[in-house]
There are 2 protein chains.
Amino acid sequence: METLTIGDLSARSGVAPSALRFYEREGLIHATRTSGNQRRYERAELRRVAFIKIAQQVGVSLEEIRTALASLPENRTPTKADWSRLSAHWRHKLQERITVLERLRDQLTGCIGCGCLSLQRCKLVNPADQLATRGAGPQMILNPPD
Amino acid sequence: METLTIGDLSARSGVAPSALRFYEREGLIHATRTSGNQRRYERAELRRVAFIKIAQQVGVSLEEIRTALASLPENRTPTKADWSRLSAHWRHKLQERITVLERLRDQLTGCIGCGCLSLQRCKLVNPADQLATRGAGPQMILNPPD
DNA sequence: CTGCAACTTAAAGTTCACTTCAGCTCAAGG
DNA sequence: CCTTGAGCTGAAGTGAACTTTAAGTTGCAG
């Protein structure tokens, strides 16, 4: 089997055919066509789909994923180095996201002791009143004071 | 100031008035009305809104948040203990989410070395071919083999 | 009392990430 | 050849979480 049908790609990637067609419309993946107009995928597309799935896990929008994939070479099959570069980028984003959630967790742990979410005392819910210069919302989580 | 207008609550919580009205329609928060039909919020509502914002950070749907908030007493203002109980629940959910992302990060780190996302070798993208019995998709991340 | 910012409503619109539908055509086994 | 499952298209639908709009009302400062 040289190329994959949309059904094959769907089965191997765990992504529905309708989603694969959608990704193609959005310019995230590519397919060649048979004489009868059916899609045929290079095996390399499987890696693109894998990348999309992983990036989504990290909480990245399709728009951002599209931009990232656009940085891959168009004229040749991406090499390991190409994928490594993208992976490193996502690892960084992922780490940022983990850091935010860990901070949230730690402060929530503190709050369990004080039973708060109190506007007066809780670090999680520091209101505009207290930190007006930095805007509304739970400042300590989103923009911790270094 | 005894109660808050929707504008006050919006400014102090960082949530748009339209979103607050939406939350009310969805049964997440409550307001009393003036003789002229305007909303007035108890200060305790601020805590509910804070809770909603935090839960959303954790990646919880409004539906789940609504269910959680419904477990608070209706006949009295929630105590510290009430909020502690909910907080502990979310801390657990948050931890689960962090664990998934850390696993993803660690495996992505491994992949940076091998430049993969390869279907043959990469733990991130273990296909149906290899682990057919466990369904399609990146199995190692979502359902690690203990 | 007046003016005007802030409030009210219901209904429709928006974005994201897809899925579903209707009405076809294609490809491959018997 | 025939059947049947797989694939095709464009358009419409979905659900989550809101926002926007239009047309009207309220509340407080001056």
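# Notebook: two chains and two DNA strands

**Entry 1. Surface near DNA strand D.** I began with DNA strand D, and noted that H2(B) supplies the largest share of the surface near this strand, namely three residues. The model I am reading is a predicted one. I then listed the surroundings of DNA strand D and found 20 residues. The closest of them are A:Gly7, A:Arg39, B:Ser18, B:Gly36 and B:Leu62. Both chains take part through their helices: helix H1 (6–13) and H2 of chain A, and H2 and helix H4 (62–70) of chain B, each give at least two residues to this surface. By residue type, I recorded six nonpolar, eleven polar and three charged residues near DNA strand D.

**Entry 2. Surface near DNA strand C.** I turned to DNA strand C, which has 21 residues around it. Those that come nearest are A:Ser18, A:Gly36, A:Leu62, B:Gly7 and B:Arg39. Two or more residues each come from helix H2 (17–25) and helix H4 (62–70) of chain A, and from helix H1 (6–13) and helix H2 (17–25) of chain B. H2(A) gives the most here, with three residues. The division by type near DNA strand C is six nonpolar, twelve polar and three charged.

**Entry 3. Chain A as a whole.** I next looked up the make-up of chain A, whose secondary structure comprises six helices and two strands. Read from the N terminus, the order of its elements is α-α-β-β-α-α-α-α. Of the 146 residues in chain A, 32% are buried. I also checked the contacts in chain A with a separation of 6 or more; residues 24 or more positions apart account for 45% of them.

**Entry 4. A:His30.** I selected one loop residue of chain A. A:His30 lies between H2 and strand S1 (32–33) of that chain. Is A:His30 buried or exposed, or partly exposed? I counted 14 other C-beta atoms within 10 Å, so A:His30 is classed as partly exposed. Apart from its neighbours within four places in sequence, A:His30 is in contact with A:Glu24 and A:Glu45. I also looked up its distance from A:Ala19: the two are eleven residues apart in sequence, and their C-alpha atoms are 13 Å apart in space.

**Entry 5. Helix H1 of chain B.** I asked which residues of H1(B) are buried. They are B:Leu9, B:Arg12 and B:Ser13. Seen down the helix axis, these buried residues fall within an arc of 90 degrees, and therefore line one face of H1(B). A general point of helix geometry is relevant here: an α-helix has 3.6 residues a turn, so residues three or four places apart point the same way. The buried residues of H1(B) pack against H2 and helix H3 (44–58) of chain B. After H1(B) comes B:Gly14, with a positive phi near 80 degrees.

**Entry 6. Helix H3 of chain B.** I followed the packing to H3(B), which is mostly covered, with twelve of its 15 residues buried. Among the buried residues are B:Leu46, B:Val49, B:Phe51, B:Ile52 and B:Val58, and charged side chains also appear in the list, including B:Glu45, B:Arg47, B:Arg48 and B:Lys53. I then checked the length of the helix. At 1.5 Å a residue, the 15 residues of H3(B) should span 21 Å, and the end C-alpha atoms are 22 Å apart, which agrees. Just after H3(B), B:Gly59 takes a positive phi of about 95 degrees.

Note on methods:
Residues numbered from 1 in each chain as written. Chains lettered and ligands numbered in written order. Predicted model: local features only at pLDDT ≥ 70, side-chain atom pairs only at ≥ 80, totals over all residues. Near = placed C-beta within 6 Å. Helix = DSSP H or I, 4+ residues; strand = E, 2+ residues; numbered from the N terminus. Buried ≥ 20, exposed ≤ 12 C-beta atoms within 10 Å, placed from the backbone. Arc of directions from axis to C-beta. Contact = placed C-beta atoms within 7 Å. Expected span 1.5 Å × (residues − 1).
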